[in-house]
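Me: I would like to learn how to read packing, salt bridges and sheets in a model. Can we start from a single pair of side chains?

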Amino acid sequence: MSKLTNMLTGGADRAYSLIASEYERNGGFAALRKTISSTPEEIIAEIKKAQLLGRGGAAYPAGKKWEHLLHIKETPKYIVCNADEGEPGTFKDRLIMDLLPLKLLEGIIIAGFVFRADSGHIYVRGEYRKLQRRLGLAIENLHAAGYLGKNIAGSGFDFEIHVISGAGAYVCGENSALLNSTEGKVGRPRIKPPHLAEVGLFLHPTLVNNVESFANIPLIINMGGDAYLRSGHPDSGGSKLICLSGHCKKKGVYEVPLGSVTLRDAIYDPEIGGGIAANKKLKFYHLGGQSGPIGGIDQLDTIYSYTDLKKAGLAVGSGAIVVMDESVSVIDYLKGVTEFFVHESCGKCIPCREGNRQLLRILNKLTDGTAKTVDLDTMRRLIRTMTDASFCGLGQSAAVALNSAWKLFPAEFEGTRLS
């Protein structure tokens, strides 16, 4: 029996993905028509029943976020789609924008109708130039078909969607930094509170969701929140797109039902990861992106769900699973992770800006044999300080991989090289 599902990705075909009439023939815009004949409260109630957790990494309940915004009276309201996808090892949003752009746009339009917003914005990472143009063509086609612009589907609702290009800054994956960048400001995070639902884009109430989150909205409305929940885990409905890369045999994007597969299935099942390339042995895997934890062999039988992974000290995050074989040095791998954060720190706060540089300095000392016991003590203090005192999630989670790897492979940190 297959461990995969096509709840979200069913009907993905690049040849027809921009044609509105083809999308309609396959059930497209049925959810939008249902939304138009429902109240905002009814739509949000279905999303809450579905227990859709944000698919960008933070896993915040989408229904709760939508309900919060609905109760805010100030207008205008804005809809923003976070398509920055700068997390290394993550490429599932790219698949949606390439093969399922109309499903993504339908989800955004539904959100616009629920909140009576005038416009939506899709913030796409700068490296996705072709996808920016592809989304632009999809938007043009929806205008021609009457699903964008004035009087959408005869409902009297007017709505526009704009594509915004990022400039390649990882920190702009953080929602408030993304909004600053959209406004033409430096892409640095804001102080919260106030929350973005209250003071967001152009200081107005704003909904920000990830690409995969928006693409799930039509699915939830069509099948109903209860059915969507039953298709996944009791604490988190639906499926998840996972991105396999590294030393597995079958790299790519796979859709799995939440709660129905284990990490072992994801890496070794012939239909998914297919095992370790070159018949080598697994050493570790990195979950959820560079800011996620590293897992070991003894955690392979953990069920892939938000709840079960959290209990095991792991995380779904963005859905990335980077597989590393026995030939990889954990310290060398962590140096690459830390170099990434040194490069991508926005520099706004000292714990992140200087902490990552000092972590990299100590990791280099570990590999060149000059590290001392005091350096490990310093590293522990740096990890605590960065986690507790960094301004945003980038600095707060930059040492997660290092900290988890240290617990799994203490000998590679505390070996005979120390003096």
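Reply: Yes. Keep in mind that this is a predicted model. Start with Arg 134 and Asp 98, both of which are buried.

Me: What does Arg 134 form with Asp 98, and how far apart are the closest N and O atoms?

Reply: A salt bridge. The closest N and O atoms of Arg 134 and Asp 98 are 3.0 Å apart. The pair ties together distant parts of the chain. Arg 134 sits in helix H7 and Asp 98 in helix H5, 36 residues apart.

Me: How do I describe the packing of two helices?

Reply: Two packed helices are described by the angle between their axes and the distance between the axes. Here, H5 (residues 92-99) and H7 (residues 129-145) pack at about 40 degrees. Their axes are 9 Å apart. The crossing of H5 and H7 is left-handed.

Me: Which residues of H5 and H7 make the contact?

Reply: H5 gives Arg 94, Met 97 and Asp 98. H7 gives Leu 131, Arg 134 and Leu 135. By class, the H5 contact with H7 has three nonpolar, three charged and no polar residues.

Me: How many salt bridges does the structure hold?

Reply: It holds 22. Another of them joins Glu 174 and Lys 192, at 2.8 Å from N to O. This pair also links distant parts of the chain, 18 residues apart. Glu 174 is in the loop between strand S3 (160-165) and helix H8 (175-182). Lys 192 is in the loop between H8 and strand S4 (206-210).

Me: Is Lys 192 buried or partly exposed?

Reply: Partly exposed, because its relative accessibility is 39%. Now take Glu 412, which forms a salt bridge with Lys 283. Their closest N and O atoms are 2.8 Å apart. Glu 412 lies in helix H18 (residues 410-413) and Lys 283 in strand S7 (residues 282-287). The two are 129 residues apart. Lys 283 counts as buried because its relative accessible area is 17%, and the cut-off is under 20%.

Me: Which residues do salt bridges with shared partners join into one network?

Reply: Arg 55, Lys 92, Asp 93, Glu 212 and Lys 240.

Me: How do I read a sheet?

Reply: Strands of a sheet pair through backbone hydrogen bonds, either parallel or antiparallel. In this model, five strands form an open sheet with mixed pairing. Their order is S6-S5-S9-S7-S8.

Me: Why is one side of S6 and of S8 left without a neighbour in the sheet?

Reply: Because S6 (252-257) and S8 (294-295) stand at the edges, each with a single partner strand. Further in, S7 and S9 (residues 320-325) run antiparallel, joined by five bridges. His 286 stands opposite Val 322 in S9.

Me: Which strands do H5 and H13 touch?

Reply: H5 packs on the sheet and touches S5 (239-246) and S6. The direction of H5 makes about 115 degrees with that of S5. H13 (residues 330-344) packs on the sheet too, touching S7, S8 and S9. The direction of H13 makes about 20 degrees with that of S7.

Me: What can I read from one residue of H13, Val 342?

Reply: Start with exposure. Val 342 is partly exposed, with a relative accessible area of 29%. Then check its contacts. Leaving aside neighbours within four places in sequence, Val 342 is in contact with Asn 356, Arg 357 and Leu 360. Last, compare sequence with space. Val 342 and Pro 88 are 254 residues apart in sequence. Their C-alpha atoms are 14 Å apart in space.

Note on methods:
Residues numbered from 1 in each chain as written. Predicted model: local features only at pLDDT ≥ 70, side-chain atom pairs only at ≥ 80, totals over all residues. Heavy atoms only, no water. Axes fitted to C-alpha atoms, helices over the stretch in contact; angles between N-to-C directions. Helix = DSSP H or I, 4+ residues; strand = E, 2+ residues; numbered from the N terminus. Left-handed = near helix turned anticlockwise from the far one by under 90°. Contact = heavy atoms within 4.5 Å. Nonpolar A, V, L, I, M, F, W, Y, C, P; charged D, E, K, R; others polar. Salt bridge = Lys/Arg side-chain N within 4 Å of Asp/Glu carboxyl O. Buried < 20%, exposed > 50% of the residue type's maximum accessible area, 1.4 Å probe, protein only. Pairing = 2+ DSSP bridges.
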